[in-house]
Amino acid sequence: MSQASSDTFEDGVRSDEGVSVKKDHEQSILSAEELQCWSSVREDPNDFQSWIKLLQFAETKEQSSRGREAYEQFLKRYPFCYGYWKKFSDYEKKHSGMDEARKIFERGLKAVPLSIDLWIHYINFTIQLVKNGDKIVRETFEKALNQCGLDYRSDRLWESFIDWEKSKGNWKNVMKLYERLLDTPVQNSQTHFKNFLQFVNSQPPKDILEPEELTSLTDELGLKVP
């Protein structure tokens, strides 16, 4: 028997295909259509459409354990469906709170560490979770860049980081991010360069350069900084 078929959930019944369902006393509160979905995925765990219907049922129910079981078993079989890690996190946020939602995000990022979309969702969640936690947010952005910042399509991740630093008025950090981004071969490099020029032209040099950089530049140009 495979590893997948040997794993069960507490209070569940294992099928030969490794998909467990609730015991009889909980089955009795399931609708006929929901029971049919469970039956379908037990008979054919690769029946993706039945899984999706089952998760749709989970979204409409108040019994968190039923929805949790559906998500757990679906993601056990389809861990690379990154959008459903986000849905699962939202589900836990609704039923169990922010800490459980965070744990689901972290599990998802371990399963799909190169998912730019999932990282952006997690970063937005972190911004919401940690008020006045700029250090934590910045560290989370950096973790995301370490995982997938070199991806050719990682533009949105870089842009999100830059926009967040702009919102904080951290102009020197914005400058450093643009320098890193322009050294990275991404899809919209020309657009990033135009945005970089607009940024540089809109800020006084002393606000975007470190003191030693400013001194070097002014010495080279023979200028004086007021």
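**Entry 1: conventions and pocket**

I count Ala, Val, Leu, Ile, Met, Phe, Trp, Tyr, Cys and Pro as nonpolar, Asp, Glu, Lys and Arg as charged, and the others, Gly among them, as polar. With these classes, I find six nonpolar, two polar and five charged residues in the lining of the largest pocket. The model is predicted, and I accept local features at pLDDT of at least 70 and side-chain atom pairs at pLDDT 80 or more, while totals for chains, interfaces and linings use all residues. I number residues from 1 along each chain as its sequence is written, and side-chain values rest on heavy atoms, with hydrogens and water left out.

I looked up the volume of the largest pocket, which comes to about 240 Å³. A pocket here is an open set of points on a 1 Å grid over the protein atoms alone where a 1.4 Å probe fits, with protein on both sides within 12 Å along at least five of seven lines, and its lining residues have an atom within 4 Å of a point. The volume is the space filled by probe spheres set on the points, which are joined across faces, edges and corners. The lining has 13 residues, and I noted Glu106, Tyr122, Thr126, Thr140 and Lys143 as the ones nearest the centre of the pocket. Helix 7 (98–111), helix 8 (116–129) and helix 9 (134–148) each contribute at least two residues to this lining.

**Entry 2: whole chain and core**

For the chain I recorded 14 helices and two strands, taken as DSSP runs numbered from the N terminus (helices H or I, at least four residues; strands E, at least two). Of the 226 residues, 37% count as buried, where buried means under 20% relative accessible area, exposed over 50%, and partly exposed in between (1.4 Å probe, protein chains only). Among the contacts with a separation of 6 or more, 48% come from residues 24 or more positions apart; contact means heavy atoms within 4.5 Å.

The largest nonpolar core (buried Ala, Val, Leu, Ile, Met, Phe, Trp, Tyr and Cys joined through side-chain atoms within 4.5 Å) holds 50 residues, and I listed Leu54, Tyr71, Phe74, Tyr84, Phe141 and Leu157 as those that touch the most other members. Helix 8 gives this core its largest share, seven residues. I then followed Tyr84, which, leaving aside neighbours within four places in sequence, is in contact with Ile52, Leu55, Tyr71, Phe74 and Leu75.

**Entry 3: salt bridges**

I counted 13 salt bridges, each a side-chain nitrogen of Lys or Arg within 4 Å of a carboxyl oxygen of Asp or Glu. Side chains of opposite charge can pair when their charged atoms come close.

In helix 6 (residues 82–95), Asp90 and Lys86 lie four residues apart, about one turn of the helix, and they form a salt bridge with closest N and O atoms 2.7 Å apart. Asp90 is partly exposed at 35% relative accessible area, and Lys86 is also partly exposed, at 22%.

In helix 7, I noted a salt bridge between Asp99 and Lys103 (3.6 Å, N to O), whose partners are four residues apart, about one helical turn. Asp99 counts as partly exposed at 40% relative accessibility, as does Lys103 at 35%. Arg102 and Glu106 form another salt bridge, with closest N and O atoms 3.0 Å apart, and this pair too is separated by four residues of helix 7, about one helical turn. Arg102 is partly exposed at 23% and Glu106 is partly exposed at 30%. Through shared partners, salt bridges join Asp99, Glu100, Arg102, Lys103 and Glu106 into one network. Glu106 is also one of the residues nearest the centre of the largest pocket.

**Entry 4: single residues**

Is Ser154 buried or exposed? I find Ser154 buried, at 0% relative accessibility, in the loop between helix 9 and helix 10 (155–167). Not counting residues up to four places away in sequence, Ser154 touches Ile116, Cys148, Gly149 and Val186.

Ser39 sits in helix 3 (residues 32–43) and is partly exposed at 26%. I took the C-alpha separation of Ser39 and Ser50, eleven residues apart along the chain, as 9.2 Å.

Last, I checked the backbone of Asn132, which lies in the loop between helix 8 and helix 9 and is exposed at 81% relative accessibility. Its phi is near 60 degrees, a positive value in a residue other than glycine. Most residues other than glycine have a negative phi.
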